[in-house]
Amino acid sequence: MKSTIISTTADSISSGGSISGDLTIEGDLTVDGGGGFAYSEVLTGDMKITNALADAILYIDCSYAGGDGLLIIESASGRDSIIRFTEADTLKWQIYNDGTDDALKIQDDGDVRVTFDQSGNVGIGTTAPNN
């Protein structure tokens, strides 16, 4: 029954159209056909995400709206928010808010190198700065 509904829906929008309401897909989704995709199709407001810069895979531009560029990385309570730098799938560095103590940490591929705690203390080579 599900495959019939999906097939009927796909046939009805194959020349253009839309699905209104929520859509949940469990498992893999493959889209063929050479159609274009624009981030503007999923974003609204004064923000755009593009790959327009030759050396950027992802570029977030808020300048055209006169606003500040802002990237928010939100994690669940007690979890880390992380920016990772890798080469060929190998971790080189990461900058993260440690969810256990709310300290901002800079870590190489194994050790924390710099820690900024919430009281303003900075530690180089330690995870527990005291001044």
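1. A residue is called buried when its relative accessible area is under 20%, exposed when it is over 50%, and partly exposed in between, with a 1.4 Å probe and protein chains only as cover. By that measure, buried residues account for 15% of the 131 residues in the protein chain. The model is a predicted one, in which local features need pLDDT of at least 70 and side-chain atom pairs count only at pLDDT 80 or more, whereas totals for chains, interfaces and linings use all residues. Residues are numbered from 1 along each chain as its sequence is written, and side-chain values use heavy atoms, with hydrogens and water left out.

2. Overall content. The protein chain holds one helix and seven strands, and its pattern along the sequence is α-β-β-β-β-β-β-β. Helices (H or I, at least four residues) and strands (E, at least two) are DSSP runs, numbered from the N terminus. Among contacts in the protein chain with a separation of 6 or more, 0% come from residues 24 or more positions apart; contact here means heavy atoms within 4.5 Å. The chain exposes about 10700 Å², and carbon and sulfur atoms supply 50% of that area. Accessible areas come from the Shrake-Rupley method with a 1.4 Å probe, and for residues only the protein chains shown count as cover.

3. The sheet. An open sheet is formed by five strands in the order S3-S4-S5-S6-S7, with antiparallel pairing. Its edge strands are S3 (81–87) and S7 (122–124), each of which pairs on one side only. On average, neighbouring strands of this sheet are turned by 15° against each other, direction ignored. Two strands are taken to pair if DSSP finds at least two bridges between them. For the angle, axes are lines fitted to C-alpha atoms, for helices over the stretch in contact, and angles run from 0 to 180 degrees between N-to-C directions.

4. Strand S5 and its two partners. S4 and S5 pair in the antiparallel sense over four bridges, and Tyr96 has Lys105 in S5 as its bridge partner. The hairpin of S4 and S5 has six residues between the strands, and in this hairpin Asp102 adopts a positive phi near 55°. Four bridges also join S5 (residues 104–107) to S6 (residues 112–116), again antiparallel. Here Leu104 stands opposite Phe116 in S6, and the S5 and S6 hairpin has four residues between its strands.

5. Two faces of S5. In a regular strand the side chains alternate between the two faces of the sheet. Along S5, Lys105 and Gln107 point to one face and are buried, while Leu104 and Ile106 point to the other and are not.

6. The nonpolar surface. Leu71, Ile73, Ile83, Phe85, Trp93, Ile95, Leu104, Phe116, Val122 and Ile124 make a nonpolar surface patch of about 910 Å². Strands S3, S4 (90–97) and S7 each supply at least two residues of this patch. Patches are made of residues with over 30% relative accessible area and no salt bridge; like charges are joined within 9 Å, and nonpolar side chains (Val, Leu, Ile, Met, Phe, Trp, Tyr) within 5 Å. Val122, located in strand S7, is partly exposed at a relative accessible area of 38%.

7. Charged pairs. A salt bridge is counted when a side-chain nitrogen of Lys or Arg lies within 4 Å of a carboxyl oxygen of Asp or Glu; the count by this rule is four. One of them joins the side chains of Asp98 and Lys105 at 2.8 Å, N to O. Both partners are covered: Asp98 is buried with a relative accessible area of 9%, and Lys105 is buried at 4%. Lys105 also forms a salt bridge with Asp101, with the closest N and O atoms 3.3 Å apart, and Asp101 is partly exposed at 38% relative accessibility.

8. A further pair and the network. The side chains of Asp111 and Arg113 meet in a salt bridge of 3.7 Å, N to O. Asp111 is partly exposed at 44% relative accessibility, as is Arg113 at 37%. Through shared partners, salt bridges join Asp98, Asp101 and Lys105 into one network.
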